[in-house]
Amino acid sequence: MENESLNHVAAVNQTGFVKRKKTRARIGVFGVGYFKYWDQFDGLLEDLMEKQTAFIRKIEALDSVEIIDFGLVDDVTKAYELVPKLQAANLDLIFCDMLTYATSSTFGVVIKSIETPIILVALQPDKAMDYSRASTYLQLYNDDICSLPEFAGVAVRMGKKVPQMIIGTLHDDPAAEAEIEEYCRIAAVLHDLKTAKIGHIGHPIEAMLDMHSDSTMLTAHFGAHIVQCEAHEIVTHYQQATEDEILAVQDQILAFFDTPDPVSDPISEKLRDSDLRIAAQVAVALEKFVKAKKLDGLAYYYDGPDGSDTRVVMSNLIVGNSLLQGAGFPMCGESDLKTCIAMLIMERLGIGGSFAEFHPVDFKEDFVLVGHDGPHNIAIADGQPVLRSLKKYHGKPGFGAGVEFKIKQGPITMLSINSTYEGKMKFIIAEGESLAGPIPPTGNTNTRGFFKPDVRTFLKRWIKEGPTHHFALGVGHHAETIRKIADYLKIESVIIN
């Protein structure tokens with residue numbers, strides 16, 4: 001499988017951990033037009049191809065994708081010739097550039113035969129025609145939207161959904177450029193989902209029936225390969241960690257995290273030296289494990305005998321996981337593979353993706369605390385993250401360092417992935433706001449989540465859709481983008497309005 005992970009050359013991020021090297025999605029571009037125009041209007045074909053070149057340059061400027069230019073399709077023969085080329089190119093997304101009017105014969109066999117998402121792009125060169133010098137030539141030069149209804153109707157007749165489309169101008173159109181960038185980010189998600197290797201250790205806590213997953217079905221729906229791993233593989237790296245490696249990571253942790261005095265929670269203490277050392281040694285082991293297994297993420301829950309290295313390691317992954325998650329590797333506790341994939345989607349969209357669930361409601365100020373006891377995406381922390389020593393991990397074995405921070409203030413998006421009675425996947429999506437204000441000083445992440453129209457109504461609507469109790473939490477409002485990803489994966493989705 002394709003995999004660009006810790007074993008590849010990459011930059012070191014602010015946590016000191018090696019940051020994941022971004023993969024490059026493969027995007028195909030082909031233009032459409034009508035061959036009969038070329039003899040009728042001298043120079044029109046050349047002008048239209050310049051439009052396609054200008055569009056491709058916009059994609060190239062994003063520097064995050066590999067572009068394959070398939071040229072112009074202007075009759076049905078070229079359309080049939082294009083299909084095997086598109087199929088052979090292993091594309092993640094296709095832009096169909098609507099250069100002028102084109103008959104739907106240039107598109108029908110393509111939409112019928114290709115499963116890769118196709119975006120219809122209608123970006124006319126002029127914001128408006130100069131009507132004082134208007135001509136048929138200028139009309140055809142700006143006829144980008146003319147075939148959109150015809151192409152949409154033919155998609156339906158071919159048994160396919162109407163493709164997404166971008167409508168605007170080729171120059172000085174921030175809205176259109178934002179849509180192009182959005183689809184390139186979607187392409188990156190689709191690319192990485194079908195090439196990802198997600199590690200899995202242990203099993204969900206046996207009481208959490210909503211957590212259980214069928215690894216084969218995760219591959220069927222998302223393309224990701226689930227790598228079944230063993231706890232002793234991390235423990236071996238832990239036992240082999242050198243003093244220099246441990247001390248170096250201790251310094252990184254102390255430079256990155258604040259370690260304040262305890263406040264009101266009696267099970268929390270100022271970070272103990274012993275907990276710092278164990279967290280650093282486990283972080284060294286975890287990074288080596290992820291590198292050796294060439295993983296893009298990990299979901300885990302494992303206990304181990306009382307007093308054993310296995311219990312020490314598997315109950316102290318939170319700090320190392322949070323560092324790795326901030327470096328681009330989603331890490332998910334309680335062995336929740338579905339939420340790990342949700343976190344991967346958000347990370348590849350560039351919006352974070354922290355492990356989260358609902359905590360107590362504040363009925364006075366009408367918000368709900370959103371967070372978890374770890375791991376977390378420290379790349380989206382508001383201010384400096386905190387480390388506290390916890391005398392116990394509530395509901396789990398062991399004790400040690402806990403990560404505490406708030407999500408950045410402003411808009412947030414949540415994604416829960418659940419499986420239905422029929423064995424299908426379902427995306428449950430919502431948008432809200434992260435508000436300023438205090439959070440419980442419990443060594444856990446929490447953010448003050450405000451959701452419309454009010455917290456009671458929102459929670460009822462969210463829960464009625466049958467989510468898992470975990471979800472991925474990201475920054476910004478991106479519900480519609482995530483819904484498009486669900487559509488391309490042929491997965492049911494709902495946005496809680």
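This text walks through selected features of a predicted model, from its N-terminal helices to its later strands.

Start at the short helix α1, residues 36-40. Phe 41 sits in the loop that joins α1 to α2. This residue is partly exposed, because its relative accessible area is 21% and the buried class ends under 20%. Leaving aside neighbours within four places in sequence, Phe 41 contacts Thr 136, Tyr 137 and Leu 140. Thr 136 lies 95 residues away along the chain from Phe 41. The C-alpha atoms of Phe 41 and Thr 136 are separated by 9.1 Å.

Helix α2 follows, covering residues 44-60. A patch of negative charge lies on the surface here, made up of Asp 42, Glu 46, Asp 47 and Glu 50. Asp 47 belongs to α2. Its relative accessible area is 31%, so Asp 47 is partly exposed.

Charge also pairs across the chain. Side chains of opposite charge can pair when their charged atoms come close. The whole structure holds 26 salt bridges. One of them joins Glu 177 to Lys 58, with the closest N and O atoms 2.9 Å apart. This pair links distant parts of the chain, 119 residues apart: Glu 177 is in helix α7 and Lys 58 is in helix α2. Glu 177 has 38% relative accessibility and therefore counts as partly exposed.

Stay with α7, which runs over residues 174-195. A salt bridge joins the side chains of Lys 194 and Asp 92, at 2.8 Å from N to O. Again, distant parts of the chain are linked: Lys 194 is in α7, whereas Asp 92 is in the loop between α3 and β3, 102 residues apart. How exposed is each partner? Asp 92 is buried, with a relative accessible area of 2%. Lys 194 is partly exposed, at 33%. Glu 182 also lies in α7. Its relative accessible area is 11%, so Glu 182 is buried. Not counting residues up to four places away in sequence, Glu 182 touches Thr 481 and Lys 484.

The loop between α3 (76-88) and β3 (93-98) also houses Asn 90. Asn 90 is not a glycine, yet its phi is positive, about 55°. Most residues other than glycine have a negative phi, and most peptide bonds are trans. Asn 90 is partly exposed, with a relative accessible area of 40%.

Ser 335 is another residue other than glycine with a positive phi, near 60°. Ser 335 lies in the loop between β10 (331-332) and α14 (337-349). Is Ser 335 buried or exposed? At a relative accessible area of 1%, Ser 335 is buried.

Helix α13, residues 318-326, is mostly covered. Nine of its nine residues are buried. Among them are Ile 318, Val 319, Leu 323 and Leu 324, along with the polar Asn 321, Ser 322 and Gln 325. Just after α13, Gly 328 takes a positive phi of about 110°.

Further salt bridges appear around the later strands. Glu 269, Arg 272, Asp 275 and Lys 391 are linked in a network of salt bridges. Asp 373 and Lys 396 also meet through their side chains in a salt bridge, 2.7 Å from N to O. Asp 373 is in the loop between β12 (367-372) and β13 (381-390), and Lys 396 is in the loop between β13 and β14 (400-407), so the pair ties together parts 23 residues apart in sequence. Asp 373 counts as buried, at 11% relative accessibility. Lys 396 counts as partly exposed, at 24%.

Strand β17 spans residues 445-450 and includes Thr 445. Thr 445 is buried, at 2% relative accessibility. What does Thr 445 touch, not counting residues up to four places away in sequence? The contacts are His 359, Val 370, Gly 371, His 372, His 376, Val 403, Glu 404 and Phe 405. Asp 210 offers another reference point: Thr 445 and Asp 210 are 235 residues apart in sequence and 22 Å apart in space, C-alpha to C-alpha.

The walk ends at a cis peptide bond. This bond runs from Lys 452 to Pro 453, with omega near 0°. Pro 453 lies in the loop between β17 and α15 (455-464).

Terms used:
Residues numbered from 1 in each chain as written. Predicted model: local features only at pLDDT ≥ 70, side-chain atom pairs only at ≥ 80, totals over all residues. Heavy atoms only, no water. Patch = residues over 30% accessible without salt bridge, like charges linked within 9 Å, V, L, I, M, F, W, Y side chains within 5 Å. Areas by Shrake-Rupley, 256 points an atom, 1.4 Å probe, with all protein chains shown as cover. Salt bridge = Lys/Arg side-chain N within 4 Å of Asp/Glu carboxyl O. Lys, Arg positive; Asp, Glu negative; His and termini not counted. Charge placed at Lys NZ, Arg CZ, Asp CG, Glu CD. Helix = DSSP H or I, 4+ residues; strand = E, 2+ residues; numbered from the N terminus. Buried < 20%, exposed > 50% of the residue type's maximum accessible area, 1.4 Å probe, protein only. Contact = heavy atoms within 4.5 Å.
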